[in-house]
Number of protein chains: 2
Amino acid sequence: MASTARIAAMTIQTRRERERAERERLIVTAARELAEAEGWDAVTTRRLAAEIEYSQPVLYSHFKGKDAIMAAVAVRGCEEFTAELRAASEAVEGARETLAAVGEAYTAFARRRPALYDAMFTLRVDLPFATPEAPTALQEAFGELLRAVEPFAAEGEEPRLLTETYWAALHGLVTLMRSGRLPEEAHDRRLALLIDHFAPRDTAG
Amino acid sequence: MASTARIAAMTIQTRRERERAERERLIVTAARELAEAEGWDAVTTRRLAAEIEYSQPVLYSHFKGKDAIMAAVAVRGCEEFTAELRAASEAVEGARETLAAVGEAYTAFARRRPALYDAMFTLRVDLPFATPEAPTALQEAFGELLRAVEPFAAEGEEPRLLTETYWAALHGLVTLMRSGRLPEEAHDRRLALLIDHFAPRDTAG
DNA sequence: TTCTCCTCGCTAGCAGCGCTAGGGACGAGA
DNA sequence: TCTCGTCCCTAGCGCTGCTAGCGAGGAGAA
């Protein structure tokens, strides 16, 4: 009896935990969809609560605050992002082609999923970066960039730093364009220039 | 009599316009100082109104809204920014050294005046960019960059596009670092790598 | 000089934000 | 069946950007 009672208690608890986890996923998905559809400004706690058909305080029983929800969306986004970079790099042969493919995949992702990109790389969000505690997905995304850039690190250049620089350049292109500070129409040519300068046509590829 | 009356009216009107202009400058300066001291989040209309010792609605008689105030701060910032880039480029000789000096001045400005930099290049602000209507100061800043990058445009490369690309790279370095996504400590080395890739050591400079 | 009008800056308030305190319903376990 | 504990909701706080509408005070006319 005692054992069945404990088993029953455990199953109930298990079910509750399962339901809670499900609801948490629901929150993250809703936040992401709302952000992608109408931008992060439209993602208010009230709106999000209405979307998941719960009251506002429920959000705070899952996440510390709005930032934490955005961070969760960002982590999910990183997984997709990594997959796309990987697919792009695996679809081509040669170091130069890989660098180009990754660069194109990067900017394409940012333009296709601006809200996701912002959560990951633009907005202030309490996610650890560039430390061992950084989310795995994030580290893997950086790893994909690293694999593409590494072949072009000259003697004595640290591949990590070169990758960070390439990443920064891609990020700059994307953000300046998205904020209207660079005209969209020349994006492909700017990207080509960038790639040319990291992978000169007469070397390595 | 009629003419003196009209002259008197004109001087009164002139004085008022002068006072209005002065107050407008006061608003912009206060906004800038507050932003530099405590960040843009601290620049609320109430706080700003208190700072200039007027009530909130006065702000709206000068500017359409908070965004317009930030845009005004940004324009002022551009003037300083341009001056710094110019000073940096004039202080050195040689194309490569100029490119490096401008790059360093750029990132140094962004790190020393983060609030100003954000208003100019990061935050959403209704300033026209990359069009003939863009503020003169902005166009001059770009011109300084262009002068530095131009010598490194290869045959058939458009200097404007190459400049935009270099700008984007600098912007990416700065923003990723400022948001904690790139470690500060390696900034100089990343910047050096970037410059190396835009001005190869065995050419032009 | 007096009166009228008009300009200008104020008080007060709106809708919406992120976030939280506290109570009430409902189910679990005795 | 009763009690206890969990969970979620209502209501509200202090803040945001922004605005309507009034009242004082100076400008211009008589």
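Student: Hi! Let's start with one residue: is A:R201 buried or exposed?

Tutor: Hello! This is a predicted model, and in it A:R201 counts as exposed, because it has 9 C-beta neighbours inside 10 Å. The cut-off for exposed is 12 or fewer.

Student: Thanks. Where is A:R201 placed in chain A?

Tutor: Look in the segment after α9 of chain A, and you will find A:R201 there.

Student: And what separates the C-alpha atoms of A:R201 and A:R96?

Tutor: Those C-alpha atoms are 8.1 Å apart, although A:R201 and A:R96 are 105 residues apart along the chain.

Student: Okay, zooming out. How many helices and strands does chain A have?

Tutor: Chain A has nine helices and zero strands. Read from the N terminus on, the order is therefore α-α-α-α-α-α-α-α-α.

Student: Is the fold of chain A more spread out than a compact globule or not, and why?

Tutor: Chain A is more spread out, because its radius of gyration is 21 Å, well over the 17 Å that the globule rule gives for 205 residues. Along the principal axes, the C-alpha atoms of chain A fill a box of roughly 75 × 40 × 25 Å.

Student: What share of chain A counts as buried?

Tutor: Of its 205 residues, 38% count as buried.

Student: And which share of the contacts comes from residues far along the chain, 24 or more positions apart?

Tutor: That share is 62%, taken over the contacts in chain A with a separation of 6 or more.

Student: New topic: the two chains. How many residues of chain A are in contact with chain B?

Tutor: There are 29 residues of chain A in contact with 29 residues of chain B. On the chain A side, α8 (159-178) and α9 (187-198) each supply at least two residues.

Student: Which helix gives the largest share of that side?

Tutor: That is α8(A), with twelve residues.

Student: What kinds of residue make up the side of chain A that touches chain B?

Tutor: They divide into 16 nonpolar, seven polar and six charged residues.

Student: Last one: what turn and shift lay chain A on chain B?

Tutor: A turn of 180° with a shift of 0.0 Å along the axis does it, and the RMSD is 0.1 Å. The two copies are thus related as by a two-fold rotation axis.

Student: What share of the contact residues of chain A recur in chain B?

Tutor: The share is 100%, and the same surface serves both copies.

Definitions and conventions. Residues are numbered from 1 along each chain as its sequence is written. Chains are lettered from A and ligands numbered from 1 in the order in which they are written. This is a predicted model: local features need pLDDT of at least 70, side-chain atom pairs count only at pLDDT 80 or more; totals for chains, interfaces and linings use all residues. Two residues are in contact if their C-beta atoms, placed from the backbone, lie within 7 Å. Helices (H or I, at least four residues) and strands (E, at least two) are DSSP runs, numbered from the N terminus. Ala, Val, Leu, Ile, Met, Phe, Trp, Tyr, Cys and Pro count as nonpolar, Asp, Glu, Lys and Arg as charged, and the others, Gly among them, as polar. A residue is buried if 20 or more other C-beta atoms lie within 10 Å of its own, exposed if 12 or fewer, and partly exposed in between; C-beta atoms are placed from the backbone. The radius of gyration is taken over C-alpha atoms; the globule rule is 2.2 Å times the number of residues to the power 0.38. Copies are superposed by least squares on the C-alpha atoms of residues with pLDDT of at least 70 in both.
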